[in-house]
Amino acid sequence: MEHKQEHESTIKVKVSDLTQHLICPRLVYFSAREHEQHGIAKGKERSVIESILLKELAFNLHTIRDTKDEEDDVKRAIEDIVDGVEWIYKEELKGVEKNFFEAVKTDFIRSQSMNTENNEWLWKVKNENGVLKLEKAHGYEREHTMVSEKLSLSGSVDKLIRAGEEVIPCVIKTGKCPEYSVWKSDRVQLAAYAMLIEEEFETTVKRGFVEYIRTAEFRESQIRRRDKALALQILKRVKRIKGGVFPEKGENAPCDNCVFEEMCETKKTLLSKLFGTILYSVY
Ligand code: SF4
């Protein structure tokens, strides 16, 4: 037991491991065993590239905000933003065909800059409320990295806003936006960043923001004690998994879109064979 604790105390966890665990604990298991080189899941290339392009837009909203309301102007701004994507996300885009990437990029620019007059997305980006107002007034630091030796936890928060004494974490999401508030996994992620910020800046973090960039919904979320408690609970589970424990699959595990699907099946079969052998030798 003592040996196990010693082992787990040396395991390092990233905030992204916690969010991965919330999707499916087995993702943590396979990622920790360096299976990431399998790249983008087959058939998912377009949506992954679109997510990357959207994320980059979120980092550059100020450029779009400052455009005139003319289609060409907005289009040019978006073109400029997505231009550097292949360099910034080189690792993520490994294995993607150049022509395919260019085609997705062209479609993306067209769809984002279309119908300037009726574009609700553009209107929301330009309507400086909440987090956008804070970003305009104070700026933000992109992907600020924090490390806590005490928690064995590290993470890079997408945007870190320092508004006077207040330090505010802000995460960008390219998926669906909930009807109200933010998703539970996003609350846990913000709580984990809040703990890292509190340690580094010796402050208390009261709130964070989630930018659901696909629909330009910008939501504020209070940092609650119960979310911090859940983040710590998941942190412990992640340590166990990274230490070698093969976990159960997540309740709503997205197996159909998973790069580890084959590996997951093989592991399950191996385990049940082993389990079968043990049963056989007992009887
Ligand atoms: S195949 Fe399903 S259970 Fe296995 S890691 Fe992927 S999402 Fe989780």
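Here is a short chat between a visitor and a guide about the predicted model above.

Visitor: Before we start, how many helices and strands does the chain have?
Guide: Some ground rules: this is a predicted model, where local features need pLDDT of at least 70, side-chain atom pairs count only at pLDDT 80 or more, and totals for chains, interfaces and linings use all residues. Residues are numbered from 1 along each chain as its sequence is written, and side-chain values use heavy atoms, with hydrogens and water left out. Helices (H or I, at least four residues) and strands (E, at least two) are DSSP runs, numbered from the N terminus. For this chain they come to 13 helices and six strands.

Visitor: And what average pLDDT does the chain have?
Guide: pLDDT is the predictor's confidence in each residue, from 0 to 100. Here 87% of the residues score at least 70. The chain average is 86.

Visitor: Where does pLDDT stay under 50?
Guide: Where pLDDT is low, the predicted coordinates should not be read in detail. One stretch has zero contacts beyond four places in sequence (contact means heavy atoms within 4.5 Å). The stretch with pLDDT under 50 is residues 279-283.

Visitor: What share of the residues counts as buried?
Guide: Buried means under 20% relative accessible area, exposed over 50%, and partly exposed in between (1.4 Å probe, protein chains only). The chain has 283 residues. The buried share of them is 43%.

Visitor: Which elements give two or more residues to the shell around the ligand?
Guide: The ligand is surrounded by Cys24, Arg26, Leu27, Lys249, Ala253, Pro254, Cys255, Cys258, Glu261 and Cys264. Two elements give two or more residues to this shell: α3 (25-32) and α13 (261-282).

Visitor: How many residues of that shell are nonpolar?
Guide: Ala, Val, Leu, Ile, Met, Phe, Trp, Tyr, Cys and Pro count as nonpolar, Asp, Glu, Lys and Arg as charged, and the others, Gly among them, as polar. By that sorting, the shell has three charged residues and no polar ones. The nonpolar residues number seven.

Visitor: Back to α3: how many of its residues are buried?
Guide: The buried ones are Pro25, Arg26, Leu27, Val28, Tyr29, Phe30 and Ser31. Helix α3 is largely enclosed by the rest of the structure, because its buried residues number seven of eight.

Visitor: Which side chain does Ser31 make a polar contact with?
Guide: Ser31 lies in helix α3 and is buried, with a relative accessible area of 11%. A polar contact is a pair of N or O atoms within 3.5 Å; within protein, one must be able to donate a hydrogen and the other to accept it, and residues adjacent in sequence count only if both atoms are side-chain atoms. At 3.2 Å, the partner of the Ser31 side chain is Gln20.

Visitor: Which element gives the largest share of the largest nonpolar core?
Guide: A nonpolar core is a set of buried Ala, Val, Leu, Ile, Met, Phe, Trp, Tyr and Cys residues joined through side-chain atoms within 4.5 Å. The largest one has 41 residues, and Leu18, Phe30, Leu153, Tyr193 and Ile197 have the most contacts inside it. Elements giving it two or more residues include α3, α11 (184-201) and α13. The largest share, nine residues, comes from α11.

Visitor: How many residues are in the second core?
Guide: This second core is separate and includes Val74, Phe101, Trp121 and Ile213. Its residues number 36.

Visitor: What is the relative accessible area of Leu61?
Guide: Leu61 is in helix α5 (residues 61-65). Leaving out residues up to four places away in sequence, Leu61 touches Trp121, Val125, Leu132, Lys159, Glu211, Ile213 and Phe218. Leu61 is buried, with a relative accessible area of 3%.

Visitor: Which side chains make polar contacts with His144?
Guide: His144 is in strand β2 (residues 141-148) and is buried at 10% relative accessible area. One polar contact of its side chain spans 2.9 Å, to Glu141. The other, at 3.1 Å, is to Glu200.

Visitor: What phi does Glu202 have?
Guide: Most residues other than glycine have a negative phi. Glu202 is in the loop between α11 and β5, and at 73% relative accessibility it counts as exposed. Although Glu202 is not a glycine, its phi is positive, about 50°.

Technical notes: Near = heavy atom within 4 Å.
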